[in-house]
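The exercises below concern a predicted model. Please work through each task with the sequence and the structure at hand before reading its solution.

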Amino acid sequence: MDSTDPPFDETYKKLLGKTLREPDNQLGMSSVNKLGVVEECELPLIDLGRLSLEELGEREKCKLEIARASQEWGFFQVVNHGISSEILEKVRREQAKVFKQPFHRKSREESLSFSAGTYRWGTPTATCLRQFSWSEAFHIPMTDISASNNSNSLSSSMEQFATIVANLAQNLAEILMEKLGRKSSFFKENCLPSTCYLRLNRYPPCPVPSQVFGLMPHTDSDFLTILHQDQVGGLQLVKNGRWFAVKPNSEALIINIGDLFQAWSNDVYKSVEHRVVTNPLVERFSTAYFFCPSCDTEIESGCESSVYKKFSFREYREQVQEDVKNFGYKIGLPRFRV
């Protein structure tokens, strides 16, 4: 294994030992099929440029498409989002440089001047192979990015990217709130740079793609996630009880609803289970922004017949951490149903 890659086989020998001794004989789509993917899908594609048009009807139609996709898919993709292809390419290029540093440097976080615990890899809580993720990431608080003072090329490109997606998240959240008939300054008051995160992901080539996930099936615990993925593909989601592979689109950003928005909307908007499958031959990169509130923020739908009891984001995170520790996986929203 390349010295830049995390030592998956050595550290997780008990989980991976037998699997790695018996690598897949057939690679490519055969491994995807074993994981139950039926077909590739194209997510609803929404042109956000229409939100700037003078014609009120076209702006309203765009907002309705955003709300409808959030209800029916829990996922959608957007173009004309305000981030140039040059910025996206620069982030990807600088991101690759950081991940290509030797593992011992990344694990000591010498590569970036960010908070302790920023670099993560594998799944320390995994008790079986299906709970293990063959990936590495830098999970960076937005405050670290704004405090970096553009000290290097990666910090500079990340700050450009993060500034735009932060505004985009606020705008999308307000549109979704508007379509629920709720008007307030909730998101502006509770989802701040000090509470949101940027995550740089790398999925190294995996010798056993039919056995190991790049990222195990899960839902996101935030309000919204904004993702840019490369052309390798690997993101998959559940719709109507079946897994679908999301077709890559280099010009688009992918938006997905998180658990908090599902609870806050009283199940109107859907937080959908998704995963990343591994690739035997090539590495995959993605960049994700997590739109999160402060820990003390209370999540409630305001409906008389609320599906969920009121809870704080801190309570939610602590319950998720406890379940992962006890069971190896997240239970999530079902824990908070009335």
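**Exercise 1.** Determine in which sense strands E6 and E13 pair, and over how many bridges.

*Solution.* Locate E6 at residues 197-203 and E13 at residues 284-291. The two strands run antiparallel and are joined over seven bridges. Within this pair, Leu198 is found opposite Tyr289 of E13.

**Exercise 2.** Establish the strand order of the open sheet of eight strands, and state which strands stand at its edges.

*Solution.* Reading across the sheet gives E2-E3-E11-E8-E13-E6-E5-E4, and the pairing is mixed. E2 (45-47) and E4 (119-121) each have a single partner strand, so one side of each lacks a neighbour in the sheet and these two are the edge strands. From one strand to the next, the twist averages 25°. Helix H5 (residues 85-99) packs on the sheet, where it touches E5, E6, E8, E11 and E13. The direction of H5 makes about 110° with that of E13.

**Exercise 3.** Identify which residues of the largest nonpolar core touch the most other members.

*Solution.* The core holds 90 residues, and the residues sought are Phe187, Phe223, Phe261, Tyr289 and Phe291. Helix H8 (residues 153-179) supplies the largest share of this core, 13 residues. Beyond four places in sequence, the contacts of Phe261 include Ala173, Leu176, Phe187 and Phe223.

**Exercise 4.** Decide whether Lys106 is buried or exposed, and find which side chain it contacts.

*Solution.* Lys106 belongs to helix H6 (residues 103-107). Its relative accessible area is 0%, and the cut-off for burial is under 20%, so Lys106 is buried. The side chain of Lys106 makes a polar contact of 3.0 Å with that of Glu136.

Conventions: Residues are numbered from 1 along each chain as its sequence is written. This is a predicted model: local features need pLDDT of at least 70, side-chain atom pairs count only at pLDDT 80 or more; totals for chains, interfaces and linings use all residues. Side-chain values use heavy atoms; hydrogens and water are left out. Two strands pair if DSSP finds at least two bridges between them. Helices (H or I, at least four residues) and strands (E, at least two) are DSSP runs, numbered from the N terminus. Axes are lines fitted to C-alpha atoms, for helices over the stretch in contact, and angles run from 0 to 180 degrees between N-to-C directions. Contact means heavy atoms within 4.5 Å. A nonpolar core is a set of buried Ala, Val, Leu, Ile, Met, Phe, Trp, Tyr and Cys residues joined through side-chain atoms within 4.5 Å. Buried means under 20% relative accessible area, exposed over 50%, partly exposed in between (1.4 Å probe, protein chains only). A polar contact is a pair of N or O atoms within 3.5 Å; within protein, one must be able to donate a hydrogen and the other to accept it, and residues adjacent in sequence count only if both atoms are side-chain atoms.
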